[in-house]
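Reader: Could you walk me through this model before I set anything up with it? I'll have short questions, and I'd like the cut-offs spelled out as we go.

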Amino acid sequence: MVVRNLVLVLLFVTVVAPIVLYTDRLGTFKTSSSSRDEFVEDVTTVTLNGHNERLNVLPQESATTVKEPIRIVYSDTSTKSLPNSDDLDLQDTHIAVSGQVESRSTRVLSTTDEEEQDQRTNLIREVTDSLEEENDSNEHDTDTTTHKDIGEDTIDADDQADQSSDNASQNTQNMEIKHEQQSTKHEQQTTQTSNARVRQLKDQIIRAKVYLSLPATRNNPHFTRELRGRMKEVQRVLGDVRKDSELPRNAYDKLKAMEQTLAKGKQLQDDCASVVKKLRAMLHSTEEQLRVHKKQTIFLTQLTAKTIPKGLHCLPLRLTTEYYTLNSSQHDFPNQEKLEDPQLYHYALFSDNVLAAAVVVNSTITYAKDPSKHVFHIVTDRLNYAAMRMWFLANPPGKASIQVQNIEEFTWLNASYSPVLKQLRSESMIDYYFRAHRANSDSNLKYRNPKYLSILNHLRFYLPEIFPKLNKVLFLDDDIVVKKDLTALWSLDLKGNVNGAVETCGESFHRFDRYLNFSNPLISKNFDPHACGWAYGMNIFDLDQWKRQNITGVYHRWQKLNQDRQLWKLGTLPPGLITFWKRTYPLHRSWHVLGLGYNPNVNQKEIERAAVIHYNGNMKPWLEISIPKYRNYWTRYVDYDHLYLRECNINP
């Protein structure tokens, strides 16, 4: 019995134990194989440093060779999105690949250690080379894409500049304007960002007003008191603040508290239709208020432009009093023999504003190369004649010559000769200006400006009659400032034209159809609605050609046709465009830059390059409503320490 048990034990040890051990080893091998497959699958889908690029490896391979891995494919933004350096990426790649090779070495029993080491080294080298090549390729593609985008943007900008003009200088000006527009847009965006919280607080007040007007809120007195209290807090925080930087420190706390209260109000509202109705009513009311305010602004601006400041009203009175205290021998200007010399440079200035005329003369003389050859012919009305003479007698323009004339002395200028003078004195014209309350009056206040009633405004059409012995005259408005020597204009060849002027067709509203009534057949048959307009304010006139082409007669004929104001409204530019149609020589725009009396965005470089800057518009430099940044160009030619100016309290 003992022997039999011993034999069974030995049999178990020698037969059954190896089978059990082998079976356990086989199970371990299968588990290892399953883990191997899962690991390969994980390695196949591994992401390097958070990227979407996948390392694709062949799932099946031979036991003796390692196939070349598939190259790694990167997305377009992979280069930009890498959080770490290339060295760290490659190091991570080495680790992943090393783990992969080690897993393979445990699976492939027939491969020796040396072969495994060689295969690991080769695989790491190949994958590393593949990564470097892909990185270089992606960097190259990114650079190429960037350069391409930049190049396309540049080409587009150049194309836009080329379309705006055919010459290089125009292209440069357009690019400067575009740059300024972009700068302005950037400033506006910056401004919007800087006052975001202020606008949010204002929006909260609007929402609170809406809630207070709704029935659900009125039926809840506790919430109404809370909301009113929040509104007062926010209004105190806002005050006159315009930027976030000006808000007090507790502004954000008030904003959050208000937002919480508004959230309660939102929960109380169960009728969305009432909310929409109230918002529409508020929008309509706001639009109506805006329309009324705009109309009031236009009216007050026109009124301010027509009104003479107290100081400018005082100055001619003070000068007139001083003039009549002088002896008759002191009333004459020197150099009277130069007034009709055609070899000199003659300026025509028609104005009733003493200070404005003084600025024109002073600025012109400042830049004149030889002031002794410049002659200024000033024509004014009867009320300002003595004051104008007294100013230039007390403040002579250096070596330049000056003449001051009274329009009343032009006996040839009467209603029988001038159609416009007859029209200006007619009852219908006076009714048009001074009875604006009538239903048939023109709604545009601009056309009812009394300056159009002054014959001084129309003297520019009678230059040969005023200066019969001169060949060329440079006409200047009294709201301009001269910044360069103008003598080159007299030697300019006008190619047989009468008028030399700067064109203003850079904008659509400066073309003929902006000023003339093309619904009238007389206008539509004779003129082009898209023809380029030009500017009064600085014009060189060839008086010999004027007489030869009978320009004054052309002007008279069209004024008679426009007796009922059906061809154009009023003013001197519309009849000027007609009279000098196909008789105007375009000057370079640097001679005359306009807009300083209404446009706060005039190109600064154009102003610096300009020979003459023009304050056309209502915001004249001698008025309080003038544009501040342009005012200094005018005030620098005014001596505010002058006795007469101090007595009339005229200050910069």
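Reader: To start, how many disulfides does the structure hold?

Author: The structure holds 2 disulfides, a disulfide being a pair of cysteine sulfur atoms within 2.5 Å. This is a predicted model, in which local features need pLDDT of at least 70 and side-chain atom pairs count only at pLDDT 80 or more, while totals for chains, interfaces and linings use all residues. Residues are numbered from 1 along each chain as its sequence is written, and side-chain values use heavy atoms, with hydrogens and water left out.

Reader: Which cysteines pair up, and what pattern do the disulfides follow?

Author: Counting bonded cysteines along the chain, the pattern is 1-4, 2-3. C314 and C648 form one disulfide, with sulfur atoms 2.2 Å apart, and its torsion of -70° about the S-S bond makes the link left-handed. This pair links distant parts of the chain, 334 residues apart, with C314 in helix α11 (residues 310-323) and C648 in the segment after α23 (643-647). Helices (H or I, at least four residues) and strands (E, at least two) are DSSP runs, numbered from the N terminus.

Reader: And where does C505 sit, the cysteine joined to C532?

Author: C505 and C532 are joined with an S to S distance of 2.1 Å, and the disulfide is left-handed because the torsion about its S-S bond is about -90°. C505 lies in the loop between β6 (499-502) and α17, whereas C532 lies in the loop between α17 and β7, 27 residues apart.

Reader: Is C648 buried or exposed?

Author: C648 is buried, at a relative accessible area of 8%, whereas C314 counts as partly exposed at 26%. The cut-offs are under 20% relative accessible area for buried and over 50% for exposed, with partly exposed in between (1.4 Å probe, protein chains only). In the other disulfide, C505 is partly exposed at 22% and C532 is buried at 19%.

Reader: Switching topic, which residues have the most contacts inside the largest nonpolar core?

Author: Those are L315, L474, L486 and W634, in a core of 64 residues. A nonpolar core here is a set of buried Ala, Val, Leu, Ile, Met, Phe, Trp, Tyr and Cys residues joined through side-chain atoms within 4.5 Å. Helix α12 (residues 354-367) gives the most to this core, with 9 residues. Apart from it lies another core of 43 residues, among them L459, F467, I551 and I578.

Reader: What is L315 in contact with?

Author: Leaving aside neighbours within four places in sequence, L315 is in contact with V354, L355, Y644, L645, C648 and I650, where contact means heavy atoms within 4.5 Å.

Reader: L474 came up too; which way does L474 point from β4?

Author: L474 points one way from β4 together with K472 and L476, while V473 and F475 point the other way, and all are buried. Strand β4 covers residues 472-476, and 5 of its 5 residues are buried.

Reader: What about the pairing around β4, and how many bridges join β4 to β7?

Author: There are 5 bridges between β4 and strand β7 (residues 538-542), which run antiparallel, and L474 stands opposite I540 in β7. On the pairing with strand β1 (residues 345-350), 3 bridges join β1 to β4 and the strands run parallel, with A348 having F475 as its bridge partner. Two strands pair if DSSP finds at least two bridges between them.

Reader: I'm also curious about H592; which histidine does the side chain of H592 join in a polar contact?

Author: The side chains of H592 and H614 are joined by a polar contact of 3.1 Å. A polar contact is a pair of N or O atoms within 3.5 Å; within protein, one must be able to donate a hydrogen and the other to accept it, and residues adjacent in sequence count only if both atoms are side-chain atoms. H592 is found in strand β9 (residues 592-593) and is buried, with a relative accessible area of 2%.

Reader: Last one: how confident is the predictor, and where is the pLDDT below 50?

Author: The chain averages a pLDDT of 76, and 67% of the residues score at least 70; pLDDT is the predictor's confidence in each residue, from 0 to 100. Over residues 130-169 the pLDDT is below 50, and beyond near neighbours in sequence this stretch has 35 contacts in the model. Residues 437-443 also have pLDDT below 50, with 9 contacts beyond near neighbours in sequence.
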